[in-house]
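Here is a colleague's note for a reader who is meeting this structure without earlier acquaintance. The points are numbered so that each can be checked in turn against the model.

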Amino acid sequence: MTELLTAIAIIFIVAAPFLLLANRFNVTVAPLLIIAGIIAGLFIDAGTALELAQFGIALLVFMFGVSINFDTIHSILADSEFAAIGQIVVVGILGVILGVILGVSYLEATILGVAAALSSTMVGTALLQTEIRMNLIRGRLGESIQFVQDLFAVGFILILGAEVLELDPIVLQIGYGAVFIIAAVFVHRYVFGFISRLAAGSDELMIIGVITLLAVFIGAAAFVEVPIVVGAFAAGLAVHYDPGAFPGLYNGLGSIKDFFVALFFATVGALVVVPFVQLEFGESLEKLALVLVLVFLAIIVKPLVTTLLLVHRGFEARTATLTGLSTDQISEFSIIIAIEAFLLGLLADSVFDAIILAAAITMITSTLTQRYNEELYRFIASIGLLSGSHEKIDQNSKVPDELTNHVIIVGFGRLGSSLIATCEALDHPYVVIENDPALSEDLEDTCQAYVFGDAMEDYTWEKANGNAAELIVSVTSSEVLSRALLARGFEPDLILRASDKQLAIEYLDNGATYVTVPDLLAAEQLITYLSALLEGELTARELRELGNVELESD
């Protein structure tokens with residue numbers, strides 16, 4: 001325990017200046033933490049770093065299990081399963097073939113292929129947090145693809161835990177895994193609610209209860225000699241919850257997660273063995289060849305395969321491409337698999353080091369591809385490399401023929417629902433644009449006309465008959481979407497939503513008719529303005545002048 005605490009202290013002492021730099025210059029933290037970890041690794045024993053990585057990753061896997069929301073992914077789970085399994089099969093087989101070509105054993109090549117095929121739940125969901133919070137379909141697709149892959153990874157880890165490729169020990173390990181999943185379902189259904197009632201609204205007691213359940217699951221995994229990451233994953237599933245129902249628990253566990261995310265990135269860096277610095281020339285070349293294969297599979301082949309599979313399932317090119325780009329890293333489960341195999345003597349040092357270095361590299365590059373994913377998509381689209389399908393939009397949309405002079409409402413949230421009620425009360429035609437899979441049934445039951453698609457896609461607006469509309473109202477505060485709508489130069493008047501006053505002024509200067517700012521304008525006021533516009537009591541010009549006055553007076 002002393003060695004672990006000392007290692008954590010060294011990591012954060014080294015990481016502190018890098019965190020200050022990231023905060024000062026508003027840059028992504030992950031690459032700097034990995035670099036800090038490489039430096040800290042010079043002062044940390046390799047065995048301690050391995051142990052720290054095992055515990056750190058187990059706790060992160062627990063946090064992902066806690067945050068998974070089955071209600072929001074069930075409607076796209078079939079598509080996610082298809083993409084996840086297809087990705088594992090294609091990338092995994094290529095990894096095995098290339099590994100054998102480079103001279104590693106068949107078992108090592110298999111582990112190499114699995115490592116390349118799995119995408120990081122922690123990195124992927126962290127980079128997709130905005131999309132997940134806004135319930136964008138690509139965020140849900142990415143989250144559910146990673147969940148399916150995590151289930152596969154847990155199974156693979158259980159097989160490794162058997163230590164020998166014989167049927168009886170493998171069946172025993174998988175049986176233990178099944179017991180943990182069944183226990184998770186039982187605890188979630190009967191025990192978690194009981195703990196909630198005992199806590200009687202106390203956030204502290206809820207956090208203690210959840211941590212206790214985590215300790216029980218990890219302790220049980222250690223007792224039956226199953227990798228602790230399996231117990232942690234089951235514990236996360238056992239206590240997953242709706243953040244809105246337990247905001248205090250959400251905030252408390254969020255702080256714990258932030259700590260272990262930082263520790264994870266730094267630990268990955270600490271495990272890196274730097275070629276030509278810590279290795280001889282020949283060993284370095286051997287390792288770099290494996291690293292290049294892993295990086296190529298992770299950042300080129302895997303996103304391409306995922307994108308093509310999603311297009312095949314009927315998704316738009318943009319949704320498929322951006323989801324594919326979110327998978328372009330090597331998973332924390334790959335690291336756990338590598339550690340387990342290494343400790344069992346199934347991996348040579350060069351293969352283990354290659355997986356760790358490739359994971360570090362792809363986690364860094366993934367932050368860059370996510371930052372510039374829109375630019376990458378536009379480049380791919382401009383050279384005609386990819387054309388998407390409109391099947392999903394056509395299947396899940398209902399728009400009357402020759403619809404004109406209608407209101408297009410972008411977003412089916414609380415405010416969007418109020419605007420729909422206003423249009424229906426005035427008997428004015430409307431179309432709702434939404435792409436949150438969890439709302440597809442509500443759209444069908446509630447709305448007279450709707451398009452289930454990405455508002456950034458051309459075909460979505462073609463389906464909604466955008467240029468024939470009277471008014472477009474976006475109730476989402478997504479800056480990317482608002483700028484894209486302004487750039488389209490719509491003929492109808494355009495009402496947008498901004499997160500702050502300065503952005504609202506910018507939107508007005510760029511052509512918006514009116515911009516709502518939640519802190520300055522009540523939702524009821526927007527509904528009043530919409531009614532006045534549709535009934536002819538207010539012109540678009542008068543509304544624009546009202547908007548300028550409101551922003552200048554605050």
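1. A surface patch, as the word is used here, is made of residues with over 30% relative accessible area and no salt bridge, and nonpolar side chains such as Val, Leu and Ile are joined into one patch when they lie within 5 Å. The model is a predicted one, and the points below should be read with that in mind.

2. With that definition in hand, a nonpolar surface patch of about 610 Å² can be described, made by Ile85, Val89, Val90, Ile93, Leu94, Ile97 and Ile101. One of these residues, Ile97, is found in helix α5, which covers residues 77-101. Ile97 counts as partly exposed, since its relative accessibility is 44% and the partly exposed class lies between 20% and 50%.

3. A second patch is negative in charge and is formed by Glu280, Glu283, Glu286 and Asp349. Among its members, Glu283 belongs to helix α14, which covers residues 281-312, and Glu283 is partly exposed, with a relative accessible area of 42%.

4. Which residues does Ser350 contact, once its neighbours within four places in sequence are left aside? They are Glu286, Lys287 and Leu290, and Glu286 is also one of the residues that form the negative patch. Ser350 itself lies in helix α17, residues 349-371, and its relative accessible area of 17% places it among buried residues, because buried means under 20%.

5. The count of salt bridges comes to 7. As background, side chains of opposite charge can pair when their charged atoms come close. In one of these salt bridges, Arg313 pairs with Asp79, and the closest N and O atoms are 2.8 Å apart. This pair links distant parts of the chain, for Arg313 is in the loop between α14 and α15 (317-325) while Asp79 is in helix α5, 234 residues apart. Is each partner buried or exposed, or in between? Arg313 is partly exposed, with a relative accessible area of 27%, whereas Asp79 counts as buried at 6% relative accessibility.

6. Arg483 takes part in two salt bridges that are worth reading together. One is formed with Glu479, where the closest N and O atoms are 2.7 Å apart; Glu479 and Arg483 both lie in helix α23 (residues 479-487), 4 residues apart, or about one turn of the helix. In the other, the side chains of Arg483 and Glu506 meet at 2.4 Å, N to O. Arg483 lies in helix α23 and Glu506 in helix α24 (residues 501-509), so this pair ties together parts that are 23 residues apart in sequence. Glu479 is partly exposed at 37% relative accessibility, Arg483 is partly exposed with a relative accessible area of 34%, and Glu506 is likewise partly exposed, at 28%.

7. Two residues deserve a look for their backbone angles. Glu225, which is not a glycine, has a positive phi near 60°; its place is in the loop between α11 (203-223) and α12 (228-238), and Glu225 counts as exposed at 65% relative accessibility. Asn405, again not a glycine, has a positive phi of about 50°. The place of Asn405 is in the loop between α19 (391-395) and β1 (407-410), and Asn405 counts as partly exposed at 49% relative accessibility.

Methods:
Residues are numbered from 1 along each chain as its sequence is written. This is a predicted model: local features need pLDDT of at least 70, side-chain atom pairs count only at pLDDT 80 or more; totals for chains, interfaces and linings use all residues. Side-chain values use heavy atoms; hydrogens and water are left out. Patches are made of residues with over 30% relative accessible area and no salt bridge: like charges are joined within 9 Å, nonpolar side chains (Val, Leu, Ile, Met, Phe, Trp, Tyr) within 5 Å. Accessible areas come from the Shrake-Rupley method with a 1.4 Å probe; for residues, only the protein chains shown count as cover. A salt bridge is a side-chain nitrogen of Lys or Arg within 4 Å of a carboxyl oxygen of Asp or Glu. Lys and Arg count as positive and Asp and Glu as negative; His and the chain ends are not counted. The place of a charge is taken as NZ of Lys, CZ of Arg, CG of Asp or CD of Glu. Helices (H or I, at least four residues) and strands (E, at least two) are DSSP runs, numbered from the N terminus. Buried means under 20% relative accessible area, exposed over 50%, partly exposed in between (1.4 Å probe, protein chains only). Contact means heavy atoms within 4.5 Å.
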